[in-house]
2 protein chains.
Amino acid sequence: MAKGEATRQAILARAFELANVVGVSGLTIGRLAEATGLSKSGLFAHFGSKEALEVAVVEEAAQQFVQEVMVPALREPRGEPRVRALFEHWLAWGQRPGGCFFVGATAELDDRPGPPRDALVQACKDWVDAIATAVRIAVSEGHLRADTDPDQLAFEIYGVMLSSHTFSRFLHEPAALERTCRAFERLLASYRAADPRARTPTPPTS
Amino acid sequence: MAKGEATRQAILARAFELANVVGVSGLTIGRLAEATGLSKSGLFAHFGSKEALEVAVVEEAAQQFVQEVMVPALREPRGEPRVRALFEHWLAWGQRPGGCFFVGATAELDDRPGPPRDALVQACKDWVDAIATAVRIAVSEGHLRADTDPDQLAFEIYGVMLSSHTFSRFLHEPAALERTCRAFERLLASYRAADPRARTPTPPTS
DNA sequence: GCCAAAATAGAACGACCGTTCTATCTTGAG
DNA sequence: CTCAAGATAGAACGGTCGTTCTATTTTGGC
């Protein structure tokens, strides 16, 4: 029967919204039941345990993230434009109420081993890898210097994102967005090839 | 009577250790009572409410942070050495079990208004300001370029710290420390004056 | 339209939470 | 040494948590 799957998906959509604001473990079955109009036990039956619900929420978040950040960026031209698109779509993603789900969940789960944490680690690694891959392409396109370490730049871009989250959402710093963009631009500039066409673009065969 | 203050301080020291691992709200009165050997009510009487305990824990953390990070750095020579010292002492501070208290607590409290959050915001602002001030001095000493925006560099250094925390504690990335140091060095280099003595050091009168 | 299977509801559970109350120790000033 | 004040303990409270159990309703293949 397909009814079960449909309500399960509806629950997860609502659960993700809630968890984005109150955190993964702040998400309670009672509150989620109230928010969806189901009974506690009726909702519970869809997941079997709170832990399984948390895993499902993390996976739901990852799926929405792919849809809203990764996929649109992949439609941009290879190289620096795509790196920039990843960053900008992340900025938009972080504007939803509660900020970036992964930033909040990371701090919450990093000292709580178990399947929810594992799922979140996987999602974050995928995200960092996506940045590093885009950077790698930008290097091979000659947009960034040939001696660029893609993983290093991904690490640094990730830091700008985290700082952005903290300064805007937590410190309520008015200039947060401006600082964020400036930091990102400075970062790209420091890795950019002096002349965009100085390096011969790597041919597809190599 | 001084006995009360002494045990209160002992409780806070233990509370900070605990909160560093399980988070500010993961710290429960029952567990803390067990950890200190007191009864729930006996411990509770020292603070009057859970919220007041949380505020006290944040203030305890801030005090230890000043002692272990700020004060030693202030003993270093003005300018870049002091900026570097702030960073390195923070690295050491983040090595304790649970990582950097403030990084964890920030994500936990950023959507939970109230006195604990306010206390934490103040502590973080003090920290960012301390970095920015050290940077400002480094500029006036001619160690960093004159057009350096100290708040911007503080924002970026903060990002490196956050990224460091995530990559080492959460992602368990083996190269986290190396990436952290490289990111910091790259940052300083990008702001460093080409010739350390090119700028005339601002005389004390100006 | 029937009827097993699936989906949902409702009540109850034990555990732990923060908090309150009362009683009992312990302290230290006079 | 006395004795009020302070510090601590113990039991109990209402509330919420995740979870389980048992009904009841709803679904959809036949």
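**View 1. Gly98(A) and its surroundings**. Apart from neighbours within four places in sequence, Gly98(A) is in contact with Asn20(A), Val21(A), Gly104(A) and Asp111(B); two residues are in contact if their C-beta atoms, placed from the backbone, lie within 7 Å. This is a predicted model, in which local features need pLDDT of at least 70 and side-chain atom pairs count only at pLDDT 80 or more, while totals for chains, interfaces and linings use all residues. Residues are numbered from 1 along each chain as its sequence is written, and chains are lettered from A and ligands numbered from 1 in the order in which they are written. Gly98(A) sits in the loop between α5 (80-93) and α6 (101-109) of chain A; helices (H or I, at least four residues) and strands (E, at least two) are DSSP runs, numbered from the N terminus. Gly98(A) counts as partly exposed because it has 19 C-beta neighbours inside 10 Å; 20 or more other C-beta atoms within 10 Å, again placed from the backbone, would make a residue buried, 12 or fewer exposed, and anything in between partly exposed. Leu18(A) is 80 residues away along the chain from Gly98(A), yet their C-alpha atoms are separated by 8.8 Å.

**View 2. Chain A as a whole**. Here you can follow nine helices and zero strands. The C-alpha atoms of chain A fill a box of roughly 65 × 45 × 30 Å along the principal axes. Of its 206 residues, 41% are buried.

**View 3. The largest nonpolar core, with Ile157(A)**. This core holds 114 residues, and those touching the most other members are Val57(A), Val135(A), Ile157(A), Val57(B) and Val135(B). Such a core is a set of buried Ala, Val, Leu, Ile, Met, Phe, Trp, Tyr and Cys residues joined through C-beta atoms within 7 Å. Leaving out residues up to four places away in sequence, Ile157(A) touches Phe87(A), Ile131(A), Phe184(A) and Leu187(A).

**View 4. Where chain B meets chain A**. Each chain brings 31 residues to the contact. On the chain B side, α1 (3-22), α6 (101-109), α7, α8 (150-170) and α9 (176-191) each supply at least two residues, and α8(B) gives the largest share, 12 residues. That side has 14 nonpolar, eight polar and nine charged residues; Ala, Val, Leu, Ile, Met, Phe, Trp, Tyr, Cys and Pro count as nonpolar, Asp, Glu, Lys and Arg as charged, and the others, Gly among them, as polar. Because 100% of the interface residues of chain B are also interface residues in chain A, the copies meet through the same surface.

**View 5. The rotation axis at Gly159(B)**. A turn of 180° with a shift of 0.0 Å along the axis lays chain B on chain A with an RMSD of 0.0 Å, so the two copies are related as by a two-fold rotation axis. The superposition is by least squares on the C-alpha atoms of residues with pLDDT of at least 70 in both copies. Within chain B, Gly159(B) comes closest to the axis, with its C-alpha at 2.1 Å.

**View 6. The surface near DNA strand D**. Among the 22 residues surrounding this strand, the closest are Thr28(A), Gly30(A), Gly4(B), Ser41(B) and Gly42(B); a residue is near a strand if its C-beta atom, placed from the backbone, lies within 6 Å of it. At least two residues each come from α2 (29-36) and α3 (40-44) of chain A and from α1 and α3 (40-44) of chain B. By class, this surface has seven nonpolar, nine polar and six charged residues.
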